[in-house]
Amino acid sequence: MTIEQRQQEIVAEFADIEDWMDRYGYIIDLGNALPPLPDELKTPDRLIEGCQSRVWLDADIDREGRVHFRADSDAIIVKGIISLLVSVLDSHTPDEILDADLHFIDEIGLSRHLSPTRSNGLLAMVKQMRVYALAFKAKNRS
């Protein structure tokens with residue numbers, strides 16, 4: 001599934017949920033379904049700077065050149081948000097991740113319904129995922 005296809009799928013899922021309290025509930029469910037990050041990976045170098053809550057992000061790249069993300073958070077809404085981002089960007093190439101227009105965030109109204117600190121955290125999560133992609137891209141060139 002392409003990044004665009006996954007975004008359209010998320011937009012469709014959220015279109016069926018009109019009430020924002022129900023949408024938050026759905027986001028929490030997504031976070032609860034995210035496999036927990038092993039404690040040994042919850043290190044300071046994996047903490048995302050700029051998030052009010054603690055969010056850890058780990059990434060590796062497979063032999064086919066696809067990036068795989070693992071993430072966790074100590075806040076249930078934030079864990080759901082990072083789960084959405086992982087579901088969109090996981091298993092794609094660094095170029096696909098770097099070129100992605102993550103329009104689903106605005107289309108589902110997420111950015112309008114987050115506090116300013118959570119919005120900053122969301123931007124920091126996207127930025128860190130792109131930093132990993134950029135690092136893998138640079139490493140594969142050398």
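Which helices each supply at least two residues of the lining of the largest cavity? They are α3 and α6, and the close-ups below start from this pair in what is a predicted model.

**Figure 1. The largest cavity, lined in part by α3 and α6.** A search of the whole structure turns up 1 cavity of 30 Å³ or more. The largest cavity has a volume of about 60 Å³. Its lining consists of Cys51, Gln52, Ser53, Val78, Ile81, Thr117, Arg118, Gly121, Leu122 and Met125. Helix α6 gives the most to this lining, with 5 residues. Sorted by class, the lining residues of the largest cavity are 5 nonpolar, 4 polar and 1 charged.

**Figure 2. Helix α3 crossing helix α6.** Here we turn to how the two helices meet. The axes of α3 (residues 76-89) and α6 (residues 116-141) come within 11 Å and cross at roughly 30 degrees, and the crossing is right-handed. On the α3 side, the contact is made by Ile77, Val78, Ile81, Ile82, Leu85, Val86 and Leu89. From α6 come Arg118, Leu122, Met125, Val126 and Met129. This contact has 11 nonpolar residues, no polar ones and 1 charged residue. Some names will look familiar: Val78, Ile81, Arg118, Leu122 and Met125 belong to the contact, and they also line the largest cavity.

**Figure 3. The largest pocket, with α6 in its lining.** This pocket has a volume of about 160 Å³. Its lining residues are Leu102, Ile105, Asp106, Ser111, Ser119, Leu122, Leu123 and Val126. The elements giving two or more residues to the lining are α5 (104-107) and α6. Of these, α6 gives the most, with 4 residues. By class, the pocket lining has 5 nonpolar, 2 polar and 1 charged residues. Leu122 is worth finding in each of these views: it lines the largest pocket, it lines the largest cavity, and it takes part in the contact between α3 and α6.

**Figure 4. An aromatic pair within α6, Tyr132 and Phe136.** The structure has 3 aromatic pairs in its count. In the one shown here, the ring centres of Tyr132 and Phe136 lie 6.4 Å apart and the ring planes are at 20 degrees, so the pair is stacked; planes under 30 degrees apart count as stacked. How far apart are Tyr132 and Phe136 in helix α6? They are 4 residues apart, which means that about one helical turn separates them.

Conventions:
Residues numbered from 1 in each chain as written. Predicted model: local features only at pLDDT ≥ 70, side-chain atom pairs only at ≥ 80, totals over all residues. Heavy atoms only, no water. Axes fitted to C-alpha atoms, helices over the stretch in contact; angles between N-to-C directions. Left-handed = near helix turned anticlockwise from the far one by under 90°. Contact = heavy atoms within 4.5 Å. Nonpolar A, V, L, I, M, F, W, Y, C, P; charged D, E, K, R; others polar. 1 Å grid on protein atoms, 1.4 Å probe; cavity = no way out; pocket = protein on both sides within 12 Å on 5 of 7 lines; lining within 4 Å. Points joined across faces, edges and corners; volume = space filled by probe spheres on them. Phe/Tyr/Trp six-rings, centres within 6.5 Å; stacked < 30°, edge-to-face > 60°.
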